[in-house]
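Dear colleague,

I am handing over a structure for you to look through at your own pace. Please open it first, and then read the notes that follow beside it.

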Amino acid sequence: MKAYPSGKIVDLTLTLEDNMPAHKLFQAPIIVPHKRHEETASMGIGVEGDRMSFTTYVLNMLDHVGTHVDAYFHINPKGAPIDKMPLDLFFGKAVCLDLRHIPDLADVDVKDLAAAEEKAGVKIDGHIVLMCSGLTKKHYPNREAMISNWGLTAAATHWLADRKSKMHGVEGPSTDRPNWMEFPSHRVCRDRGLSHYEWLINLEELVGKGEFFFSGMPLRIGNGSGSPVRAFAIL
Ligand SMILES: [Zn+2]
């Protein structure tokens with residue numbers, strides 16, 4: 001039998017909730033009960049003496065709400081939609097860079113990533129690179145969480161691509177700063193065939209842990225521009 005990862009599991013996923021914070025360009029989700037136990041108890045399901053009820057929920061949300069992964073198609077009309085992206089993009093060896101000292105709305109440049117890589121003690125080569133900003137602990141679920149994240153520069157995004165990082169991931173709504181519309185990191189992602197996770201949480205638990213296993217599988221949404229994921233790491 002082949003080896004599989006085992007160890008402490010760290011959940012990196014926001015709880016999907018009604019009206020939770022979303023990217024400033026996106027609608028918040030509407031997540032409400034569809035049928036409640038109280039309603040379905042009278043449907044006559046089950047048998048005399050052992051009746052049954054059920055509950056279901058309506059999820060009315062964009063594919064970029066909560067902890068999610070962007071499909072190439074999201075920002076590239078010729079890019080693969082989420083259901084056509086290879087599954088091996090979404091799990092594998094990973095490292096977490098500690099960038100908590102970078103202030104809100106600042107630029108994260110090559111020198112910051114290089115220093116954090118050095119501190120992490122892992123030479124990035126094909127890794128999924130997670131970047132801890134501390135934004136969730138600082139701001140979530142307040143409105144500031146939607147408008148305070150730092151952003152990767154174009155050069156920093158090229159730096160990740162040059163190290164064959166197959167995916168990267170950040171806390172908060174975007175890899176780009178919310179206070180300008182230039183989206184340098186997203187444009188480099190588009191041009192270099194990269195993509196990323198957004199709204200990851202609990203990344204501070206991965207700081208200083210070296211290399212670990214990460215998984216964040218998307219739903220198979222036909223022609224989807226992205227998907228919510230259940231992201232986790234195994235230390
Ligand atoms: Zn994105």
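In this predicted model, the zinc ion takes its protein donors from Asp70 (OD), His186 (NE2), His196 (NE2) and Glu198, and Glu198 appears twice in the list, each time through an OE atom. These donor atoms lie 2.0 to 2.7 Å from the zinc ion. If you follow the donors along the chain, you will find that they keep the spacing D-x115-H-x9-H-x1-E. Two of the residues just named, His196 and Glu198, are buried.

The next thing to look at is the largest pocket, whose volume is about 190 Å³. It is lined by 15 residues, and the ones closest to its centre are Phe26, His74, Ile75, Phe183 and His186. His186 therefore deserves a second look, because it is listed both among the donors of the zinc ion and among the residues closest to the centre of this pocket. Two elements, strand E6 (68–70) and helix H6 (184–192), give two or more residues each to the lining, and the largest share, three residues, comes from H6. Sorted by class, the lining of the largest pocket is made up of five nonpolar, six polar and four charged residues.

Now to the charged side chains elsewhere in the model. Side chains of opposite charge can pair when their charged atoms come close. The structure holds twelve such salt bridges, and I will take you through three of them, beginning with two that involve Asp98. Asp98 pairs with Arg100, with the closest N and O atoms 2.9 Å apart. Asp98 counts as buried at 13% relative accessibility, whereas Arg100, at 38%, counts as partly exposed. Asp98 also meets the side chain of Lys119 in a salt bridge, at 3.4 Å from N to O. This second pair links distant parts of the chain, since Lys119 sits in helix H2 (residues 110–120) and Asp98 in strand E7 (residues 91–98), 21 residues apart. Lys119 is exposed, with a relative accessible area of 61%.

The third salt bridge joins Arg192 and Asp162, whose closest N and O atoms are 2.9 Å apart. Here again the pair links distant parts of the chain, with Arg192 in helix H6 and Asp162 in helix H5 (residues 154–162), 30 residues apart. Arg192 is partly exposed, with a relative accessible area of 35%, and Asp162 is partly exposed too, with a value of 47%. Returning to the earlier residues, salt bridges that share partners join Asp98, Arg100 and Lys119 into one network.

Finally, how many disulfides does the model contain? The count comes to zero. Cys132 is in no disulfide, and the nearest cysteine sulfur, that of Cys96, is 5.2 Å away, whereas a disulfide would need the two sulfur atoms within 2.5 Å. Cys132 is buried, with a relative accessible area of 0%. Cys189 is likewise in no disulfide, as the nearest cysteine sulfur, again that of Cys96, is 17 Å away. Cys189 is also buried, with a relative accessible area of 1%.

With best wishes for your reading

Methods
Residues are numbered from 1 along each chain as its sequence is written. This is a predicted model: local features need pLDDT of at least 70, side-chain atom pairs count only at pLDDT 80 or more; totals for chains, interfaces and linings use all residues. Side-chain values use heavy atoms; hydrogens and water are left out. Buried means under 20% relative accessible area, exposed over 50%, partly exposed in between (1.4 Å probe, protein chains only). Donors are N, O and S atoms within 2.8 Å of the metal (3.2 Å for Na, K and Ca); water is not among the atoms, so sites may look incomplete. On a 1 Å grid over the protein atoms alone, a cavity is a set of points where a 1.4 Å probe fits but cannot get out, and a pocket is an open set with protein on both sides within 12 Å along at least five of seven lines; lining residues have an atom within 4 Å of a point. Grid points are joined across faces, edges and corners, and a volume is the space filled by probe spheres set on the points. Helices (H or I, at least four residues) and strands (E, at least two) are DSSP runs, numbered from the N terminus. Ala, Val, Leu, Ile, Met, Phe, Trp, Tyr, Cys and Pro count as nonpolar, Asp, Glu, Lys and Arg as charged, and the others, Gly among them, as polar. A salt bridge is a side-chain nitrogen of Lys or Arg within 4 Å of a carboxyl oxygen of Asp or Glu.
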